[in-house]
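Biologist: I keep tripping over the vocabulary in model reports. Could we go through the terms and check each one against its cut-off?

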Amino acid sequence: QRQMKKHFFDKIQGPVVILAIHLCGTLSLKAVDMFNNNDNVSLFALKPCCLPPMIHAQRGDIFKIGKHEFKAEDVCSNGQFNKKNWTGPPRWHLEGTFNKWAENLYKGIDVIDYESNNHADSSLSEEGKKQKQNIAVQVDGG
């Protein structure tokens, strides 16, 4: 991440768009950090894929992104894709865990809270500031 900042984000004005699609495991955490840590990123789209592996829960890890932190044990699972084949618990069984994962990733995105700053229209961003919007693009399957 430091190399990306040094060789890419710090060398260009922007705007920069980060499309983080089907990121497996903890790569979604890195993508959120990349968005949070670079002011020239104007758009960030995240569609996580696999849940983090159980090793994080077994170690008692606490994930920290932005100003948000959460227990790995709440979002980790056994199972993974190998090419297009799923090995692990039935995927429908993991839906609640995946929803917690996505919710925690969303909470880790650092932006200005426009409603608490008494902005009349919270859909309008302050000049040069980031805002977030949740858009469901895939609700069934994976």
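**Terms against their cut-offs**

Modeller: Let's start with His 22, which is found in strand E1. This is a predicted model, in which local features need pLDDT of at least 70 and side-chain atom pairs count only at pLDDT 80 or more, while totals for chains, interfaces and linings use all residues. Residues are numbered from 1 along each chain as its sequence is written, and side-chain values use heavy atoms, with hydrogens and water left out.

Biologist: What makes E1 a strand?

Modeller: A strand (E) is a DSSP run of at least two residues and a helix (H or I) a run of at least four, numbered from the N terminus. E1 spans residues 16–23, so it qualifies as a strand. The protein chain has 4 helices and 6 strands, in the order α-β-α-β-α-β-β-β-β-α from the N terminus on.

Biologist: Why is His 22 called partly exposed?

Modeller: Its relative accessible area is 38%. Buried means under 20%, exposed over 50%, and partly exposed in between, with a 1.4 Å probe and protein chains only. His 22 therefore falls in the middle class.

Biologist: What is notable about the phi of His 22?

Modeller: It is positive, near 55 degrees, in a residue other than glycine. Most residues other than glycine have a negative phi. Lys 83 also has a positive phi, of about 60 degrees, and is not a glycine. That residue sits in the loop between strand E5 (80–82) and strand E6 (85–87). At 78% relative accessible area, Lys 83 is called exposed.

Biologist: And how do you know that helix H2 is mostly covered?

Modeller: Of its 10 residues (27–36), 8 are buried, among them Leu 29, Val 32, Met 34 and Phe 35. The cover over those buried residues includes helix H1 (2–7), E1, strand E2 (41–48), strand E3 (62–65), strand E4 (68–71) and helix H4 (95–107). Across the protein chain, 30% of the 142 residues are buried.

Biologist: What makes two residues a contact?

Modeller: Heavy atoms within 4.5 Å. Take Ser 77, in the loop between E4 and E5. Leaving aside neighbours within four places in sequence, Ser 77 is in contact with Leu 51, Pro 52, Pro 53, Met 54, Pro 89 and Leu 94. With a relative accessible area of 8%, Ser 77 is buried.

Biologist: How do you know how many disulfides there are?

Modeller: The structure holds 0 disulfides. In Cys 50, which is in no disulfide, the sulfur is 3.6 Å from the nearest cysteine sulfur, that of Cys 24. The sulfur of Cys 49 has its closest cysteine sulfur in Cys 50, at 3.6 Å, so that pair is too far apart for a bond. A disulfide needs a pair of cysteine sulfur atoms within 2.5 Å. Cys 49 counts as buried at 18%, and Cys 50 is buried at 12%.

Biologist: Why is the pairing of Arg 59 and Asp 61 called a salt bridge?

Modeller: The term asks for a side-chain nitrogen of Lys or Arg within 4 Å of a carboxyl oxygen of Asp or Glu. Arg 59 and Asp 61 meet at 2.8 Å, N to O, which means they pass that cut-off. The structure holds 3 salt bridges. Another joins Lys 5 to Asp 10 at 3.2 Å. Glu 103 and Lys 107 make one as well, at 3.2 Å, and lie 4 residues apart in H4, about one turn of the helix.

Biologist: What makes the link between Arg 59 and His 56 a polar contact?

Modeller: Their side chains come to 3.0 Å. A polar contact is a pair of N or O atoms within 3.5 Å; within protein, one must be able to donate a hydrogen and the other to accept it, and residues adjacent in sequence count only if both atoms are side-chain atoms.

Biologist: Last one: what makes a nonpolar surface patch?

Modeller: Its residues have over 30% relative accessible area and no salt bridge; nonpolar side chains (Val, Leu, Ile, Met, Phe, Trp, Tyr) are joined within 5 Å, and like charges, for charged patches, within 9 Å. Val 17, Leu 19, Ile 21 and Leu 43 form one of about 390 Å². Val 17, at 47%, is partly exposed, so it clears the 30% limit. E1 gives the most to this patch, with 3 residues.

Definitions and conventions:
Accessible areas come from the Shrake-Rupley method with a 1.4 Å probe; for residues, only the protein chains shown count as cover.
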